[in-house]
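User: Please take a close look at the interior of this protein, with attention to its nonpolar packing and any enclosed space. A connected account is preferred to a list.

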Amino acid sequence: MIRFLFAFILATLGGMSGAAGQGLELASGAPERHIVVPGDTLWGIAGKFLKNPWEWPLIWRMNRSEIRNPHRIYPGDVIVLERHADGTPWLRLQSAKLLPQIYAEGIDPGVPPIPPNEIRPFLSEPLIVDKDGLANAARIVALPPDRLFLGRGDRAYVADADPGQRGWQIYRQGKPLVDPESNEILGYQAYYLGTARQVEPGNPATFEILTSKEEIGRGDRLVPLVRPELVPYVPHKPDFAVDGRVISVYGGVDAAGRGSIVAINRGRADGMEIGHVLALERNRTVVERDEHDATVVIPIPPERVGLLFIFRTFQRISYGLVVQAIGTVEVNDFARVPQ
């Protein structure tokens, strides 16, 4: 496997302004070096060195293209903390000694940005669709005579299925996702029900249910199976103002904690991209008495309740993983650029 060395990248970026590292604040007890081990994530490693993990690109002197398409760090690599003459910190990569290894094709052992087990299902399963997004999708029109609902191993009869497509996912259109600012419906969250395989083309075609998370019935929709893609990206904050809101907590609840998936009312149309880190905040007010003893409501600085790592974007909505929570994150909390 070709190994791209960060040391080479840093050398080629020597002409970049040193101002990029100004203001970097190291984490308390930041190590002089860290040996990358299986299970590490970029977010976790960044938190070992930096008080603000989203400043990871600054301490590596990454440019815009490298944030979007970073070179991999691998288990066994050694990350070394060094300082310039003016005290500005920066990181250097010492690659592990290359030893004979067997690599399986299609498997990338590089360190992921956030735990893949926490987001992998959400890369392909939950789906944001517009108002008519599932209207023209293939649909279950009939069940075997002795069945009211379907589960694993059952047969279903599906209309309008592409005969050349074997793998499918099953969805049911869920509740609308409403922008709390404009009351506009931004989309619908389609609930993932399971997977199916087309065994006999036709109209209707015969399908076999392969997996089911919930009961599947007549009228549920099918879309071609999409394999999850783990995009390489690094944590970084947006370089523009964001003032979004949490509009949904996945699972149908109103409060989230660390490791929860939430949707916000900002998407690709608003400049959101994979890897953006946002501060989750709650606006606050206090009730006081003025000089005339009248009741007044005074806004006070917002309270940070967590950090959100964006890992999937749609046109008007984004999914994020709550990577840090102080208390609970709630629907209508704000999503803003961290300071």
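Analyst: The account below begins with the overall fold, turns to the nonpolar interior and the enclosed space, and ends with one sheet.

The model is predicted. Its 339 residues include a buried share of 45%, and the secondary structure comprises five helices and 18 strands. Among contacts with a sequence separation of 6 or more, 68% join residues 24 or more positions apart.

In soluble globular proteins, nonpolar side chains tend to be buried together. In this model, the largest nonpolar core has 23 residues, and within this core Ile114 and Phe311 touch the most other members. Several elements each supply at least two residues of the core: helix H5 (116–124), strand E13 (261–264), strand E14 (277–289), strand E15 (295–313) and strand E16 (318–325). The surroundings of Phe311 can be given in full. Leaving aside residues up to four places away in sequence, Phe311 is in contact with Ile114, Ile119, Phe122, Leu123, Tyr233, Ile261, Ile274, Tyr319, Gly320 and Leu321. Another core, of 20 residues, lies apart from the largest one; its members include Leu50, Ile59, Trp60 and Val234.

Val234 also appears in the description of the enclosed space. Rolling a probe the size of a water molecule over the atoms shows where empty space is left. With a threshold of 30 Å³ or more, a search of the whole structure returns one cavity. The largest cavity holds about 80 Å³ of space. Its lining consists of 13 residues, and those nearest the cavity centre are Leu42, Pro70, His71, Val111 and Val234. Leu42 thus belongs to the lining, and residue 42 also begins helix H2 (residues 42–49).

Helix H2 leads to the sheet. This helix lies across E1, E2 and E3, and runs at about 155 degrees to E1. The three strands form an open sheet in the order E1-E2-E3, with antiparallel pairing. Strand E1 (33–35) and strand E3 (89–94) are at the edges and have a single partner strand each, so one side of each is left without a neighbour in the sheet. From one strand to the next, the twist averages 20 degrees. Strands of a sheet pair through backbone hydrogen bonds, either parallel or antiparallel. Between E1 and strand E2 (residues 78–83), which run antiparallel, there are three bridges. Within this pairing, Arg33 stands opposite Val80 in E2.

Definitions and conventions. Residues are numbered from 1 along each chain as its sequence is written. This is a predicted model: local features need pLDDT of at least 70, side-chain atom pairs count only at pLDDT 80 or more; totals for chains, interfaces and linings use all residues. Side-chain values use heavy atoms; hydrogens and water are left out. Two strands pair if DSSP finds at least two bridges between them. Helices (H or I, at least four residues) and strands (E, at least two) are DSSP runs, numbered from the N terminus. Axes are lines fitted to C-alpha atoms, for helices over the stretch in contact, and angles run from 0 to 180 degrees between N-to-C directions. Contact means heavy atoms within 4.5 Å. A nonpolar core is a set of buried Ala, Val, Leu, Ile, Met, Phe, Trp, Tyr and Cys residues joined through side-chain atoms within 4.5 Å. Buried means under 20% relative accessible area, exposed over 50%, partly exposed in between (1.4 Å probe, protein chains only). On a 1 Å grid over the protein atoms alone, a cavity is a set of points where a 1.4 Å probe fits but cannot get out, and a pocket is an open set with protein on both sides within 12 Å along at least five of seven lines; lining residues have an atom within 4 Å of a point. Grid points are joined across faces, edges and corners, and a volume is the space filled by probe spheres set on the points.
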